[in-house]
Amino acid sequence: MAAMTQVSRAIGAAHLRPASSPPASSEPARANDAERLRFIEEMTSDVDAVQQRVLAEILARNAGTEYLANCGLDAATADRDTFRAKVPVVSYDALQPYIQRIVDGDRSPILSTHPVSEFLTSSGTSAGERKLMPTVEDELQRRQSLYSLLMPVMNRYVSGLEAKGLYFLFVKSETRTPGGLPARPVLTSYYKSDLFRNRTHDPYHNYTSPTAAILCADAFQSMYAQMLCGLCQRHDVLRVGAVFASGLLRAIRFLQLNWEQLAADIEAGALTPRVTDASVREAVAAILRRPDPDLAQFVRDQCRGGDWAGIITRVWPNTKYLDVIVTGAMAQYIPTLKHYSGGLPMACTMYASSECYFGLNLRPLCDPSEVAYTIMPNMGYFEFLPVDSATGAAAASVDAANLVELARVEAGREYELVITTYAGLNRYRVGDVLRVAGFHNAAPQFQFVRRKNVLLSIESDKTDEAELQRAVERAAALLRPHGAAVAEYTSQACTKSIPGHYVIYWELLATGSGAGARPAVDKETLDNCCLEMEEALNTVYRQSRVADGSIGPLEIRVVRPGTFEELMDYAISRGASINQYKAPRCVTFPPIIELLDSRVVSTHFSPALPHWTPTRRSD
C-alpha cells in the first residue's frame with residue numbers, strides 16, 4: 001500500500017485504486033460499459049457450455065472443408081467426442097502444404113468455407129520465414145469484440161480515462177502472395193482496416209497520434225510525428241503506451257536523440273522537412289498550429305540535463321499508468337520502465353496472437369508478476385496439452401485423447417495451448433506454455449510462462465536453440481582459415497541499452513599446427529562473424545534489425561580459455577550433476593553473466609545490416 005501511495009503522489013492520480021479492490025463509489029459506468037461487463041460475467045459463468053457451442057459453430061461453418069474431410073470427419077454431424085477422436089493435434093509444418101496452396105491462389109474450401117481475406121504473419125517462423133496464418137473477413141469483428149472489453153474493465157480501477165492516450169503505434173511492411181492476398185502482421189491489418197481508419201469517436205480510444213502518422217510506413221517519420229503530437233498535447237495525456245514494453249522504450253530513446261529538433265519545431269510552429277509524407281504533414285499541422293516557445297523551452301529544460309529518471313511523468317504529468325505488455329520476454333524491460341516512469345503501474349490488458357485472440361486481464365493494474373489472463377470461451381475452441389512437471393516439456397508427438405478441455409484444467413498445472421478457430425485452424429499447437437493461476441467464475445485464468453523452445457527474444461523475434469546453433473556454425477566457418485574454432489558458446493538477450501541486442505559468448509580454440517596456443521583471429525574477421533550470424537537468423541530478426549530498428553547489432557564477446565570450465569564448476573557448486581552437465585545455450589542468471597563478462601578479452605559488433613526484404617527468401 002505504501003508503494004501505491006507513492007505512485008499516487010507521483011502522478012497526482014486521486015482516482016487510482018489498488019488492483020485488488022475496484023473503487024466502491026466510482027462514477028456510474030456508462031451503459032455500454034455495464035453491458036460489456038455483464039457479458040464477461042455471462043461468458044465466464046458456464047465455460048463448458050460456451051465451448052461446446054463454439055465448437056459446434058466452427059464445425060458447422062467449416063463442414064465442407066478439405067482438411068476436415070481428410071481427417072475422416074463429417075463435420076456437419078460431428079460432436080465434440082468425434083472431433084477429438086478424429087482430428088489430430090498439429091503444428092504449422094503439418095498445415096504448411098494446405099496453406100501454401102492458398103498462398104498460390106487456390107480458392108477452394110481447403111481450411112475454411114469462408115474465403116480467405118488475407119494472411120497474418122506470425123512472429124514465429126518456419127524454415128526461417130514468418131508463418132502465414134490464413135484469416136477470414138469476420139475475424140476482424142471477433143478481435144474487435146475483445147478490444148471492446150478492455151476499457152470497461154480498466155474503468156473499474158482508474159476513473160476519468162475519457163481524455164487522450166499517447167500510444168506509439170506503427171504499421172509494418174506487407175507483401176502480396178502469388179495468389180494476390182495481402183500478408184502482414186495482425187496489428188498492421190487492424191490499423192489499415194476500415195474499422196480502425198473510420199472509427200467513430202470513442203473517449204476511451206482517443207489518441208494524440210493522428211491516424212496518418214500511425215499509418216506512415218517510414219519508421220522515423222511515424223515516430224517523429226507521434227512524439228511531436230504527444231508533446232504538443234502533453235497535459236491531455238492520461239495514459240502512455242505501446243504494444244510491447246520495448247516499443248515504449250524505443251520511443252524514449254527517440255526522444256533522447258531528437259529532443260532538440262522537436263523543441264525547434266515547437267518553437268517555430270512548423271514541422272521539420274525531414275518529415276516528407278504529405279498526409280502526415282497535414283495531420284501534424286492541425287495540432288502544431290502556432291509557435292509555442294514556452295513548451296519548446298520546457299522540452300529543452302527536461303531533456304538537456306541528461307537526467308531521464310521519471311521523464312514520462314515529468315513530460316506528461318497526468319499519466320496514470322503505462323499500457324504495455326510486460327509478460328514473457330518483455331519482463332526484462334520492467335526495471336527500465338520503472339526508471340523512466342517514476343514507478344507508474346504497468347497494465348497488461350490482453351492476450352492475443354496472429355492465430356487467435358484469447359482473453360483479457362481482469363486485474364489490469366496488478367503487479368506484472370501476477371498478471372493472469374482470463375480466456376474468453378467465445379473466441380475459439382481451446383484445449384490444453386499437459387506439460388511434464390519434471391522436464392517442463394510437452395510431448396513432441398501427442399495422443400489427442402490426452403488433451404484437457406478449458407473447463408477441466410487444474411490450478412497450478414502448466415499446459416501448452418491448442419486452438420481450433422473459426423478461420424479454419426483445427427487443434428493447432430500455438431507454442432505458448434501457460435500456468436493456471438486461478439479462476440474467474442468458471443473460467444481459468446492463465447499466466448504466460450514461456451514460448452516453447454524460444455532461447456532469445458528482444459521484441460517480436462524468437463530464436464530457438466537449433467537456429468542459434470546453425471548461426472554459430474555458419475559464422476565459425478570464417479575462423480577456419482585463421483586456425484581457430486568455437487570451443488563453446490552461450491548467449492543472452494541484452495537490454496541494458498535501447499534497442500536491445502543479442503550477445504554471444506565465444507570461447508575459441510586453436511586448431512591445426514597451432515593447437516594448444518591461444519588462437520589469434522583479427523578484429524575484422526570476428527566483426528564479420530557477427531554479421532554472418534545475423535544473416536543466418538530468421539526473417540523476423542532481420543526485419544527487426546533492418547526495417548524496424550527494434551534490435552541492435554549482434555555482439556560477440558570472446559572469453560579467455562577455460563571460462564566454460566569455470567562455468568561448469570560454478571554450476572556443480574550449486575548442485576548440478578557433473579555427469580549430466582552441459583553448457584547452457586542461453587544465460588539469464590546475473591552471477592553467471594557477471595562471471596562471463598569478467599572473462600571477456602574482446603568484443604565485436606556486426607559492422608553492417610543483414611540482408612532483408614519484405615519478400616520471402618527462396619533459399
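**Exercise 1. A salt bridge between two loops**

Is E174 buried, partly exposed or exposed? Then place its salt-bridge partner, K192, in the chain.

*Solution.* The model is predicted.
- Step 1. E174 has 26% relative accessibility, so it counts as partly exposed. The class runs from the 20% cut-off for buried to the 50% cut-off for exposed.
- Step 2. K192 forms a salt bridge with E174, and the closest N and O atoms are 2.7 Å apart.
- Step 3. The pair links distant parts of the chain. K192 sits in the loop between α8 (186–191) and α9 (194–197). E174 sits in the loop between β3 (164–168) and β4 (175–176). They are 18 residues apart.
- Step 4. K192 also counts as partly exposed, at 30% relative accessibility.

**Exercise 2. The two sides of α2**

Describe helix α2 (residues 31–45), then sort its buried and exposed residues by side.

*Solution.*
- Step 1. α2 has 15 residues. From first C-alpha to last it reaches 21 Å, close to the 21 Å expected at 1.5 Å a residue.
- Step 2. The buried residues of α2 are D33, I40, M43 and T44.
- Step 3. These buried residues cover an arc of only 90° around the axis, which puts them on the same side of α2.
- Step 4. An α-helix has 3.6 residues a turn, so residues three or four places apart point the same way.
- Step 5. Turn to the face away from the buried side. That face carries the exposed residues A31, E35, R38 and E42.
- Step 6. Now ask what covers the buried residues. The cover includes the helices α3 (47–61) and α7 (139–154). It also includes the strands β10 (357–360), β11 (373–375), β15 (428–440) and β16 (443–451).

**Exercise 3. An enclosed helix**

How many of the 14 residues of α11 are buried? List them and name what they pack against.

*Solution.*
- Step 1. Helix α11 (residues 219–232) reaches 20 Å from its first C-alpha to its last, close to the 20 Å expected at 1.5 Å a residue.
- Step 2. Eleven of its 14 residues are buried, so α11 is largely enclosed by the rest of the structure.
- Step 3. The buried residues are Q221, S222, M223, Y224, A225, Q226, M227, L228, C229, G230 and L231.
- Step 4. They pack against one strand, β3, and against the helices α10 (211–215), α12 (245–268), α13 (278–285), α14 (293–303) and α15 (311–315).
- Step 5. Look at the start of α11. There a side-chain oxygen of D218 comes to within 3.1 Å of the backbone nitrogen of F220.

**Exercise 4. R80 and its network**

Which residues does R80 touch, leaving out those up to four places away in sequence? Find its salt bridge with D48 and the network that holds both.

*Solution.*
- Step 1. R80 lies in helix α5. It counts as buried, at 13% relative accessibility.
- Step 2. With that exclusion, R80 touches D48, Q51, Q52, L55, Y381, E405 and R408.
- Step 3. D48 and R80 form a salt bridge, with the closest N and O atoms 3.2 Å apart.
- Step 4. D48 lies in helix α3 and R80 in helix α5 (residues 80–86), so the pair ties together parts that are 32 residues apart in sequence.
- Step 5. D48 is buried, as is R80.
- Step 6. Compare a pair between strands. R429 forms a salt bridge with E416, and the closest N and O atoms are 2.8 Å apart.
- Step 7. R429 lies in strand β15 and E416 in strand β14 (residues 414–420), so this pair ties together parts that are 13 residues apart in sequence. R429 and E416 are both buried.
- Step 8. Salt bridges that share partners join D48, R80, R84, E383, E405, R408 and R427 into one network. The count for the structure is 34 salt bridges.

**Exercise 5. Cysteines and the whole chain**

How many disulfides does the structure hold? Check C529, then survey the chain.

*Solution.*
- Step 1. The structure holds zero disulfides.
- Step 2. C529 is in no disulfide, and the nearest cysteine sulfur, that of C530, is 7.1 Å away. The cut-off for a disulfide is 2.5 Å.
- Step 3. C529 is buried, with a relative accessible area of 0%. C356 is buried too, at 4%.
- Step 4. Of the chain's 619 residues, 53% count as buried.
- Step 5. The secondary structure comes to 21 helices and 22 strands.
- Step 6. Take the contacts in the chain with a separation of 6 or more. Residues 24 or more positions apart account for 70% of them.

Key
Residues numbered from 1 in each chain as written. Predicted model: local features only at pLDDT ≥ 70, side-chain atom pairs only at ≥ 80, totals over all residues. Heavy atoms only, no water. Helix = DSSP H or I, 4+ residues; strand = E, 2+ residues; numbered from the N terminus. Expected span 1.5 Å × (residues − 1). Buried < 20%, exposed > 50% of the residue type's maximum accessible area, 1.4 Å probe, protein only. Arc of directions from axis to C-beta. Contact = heavy atoms within 4.5 Å. Salt bridge = Lys/Arg side-chain N within 4 Å of Asp/Glu carboxyl O. Polar contact = N/O pair within 3.5 Å; in protein donor to acceptor, adjacent residues only side chain to side chain.
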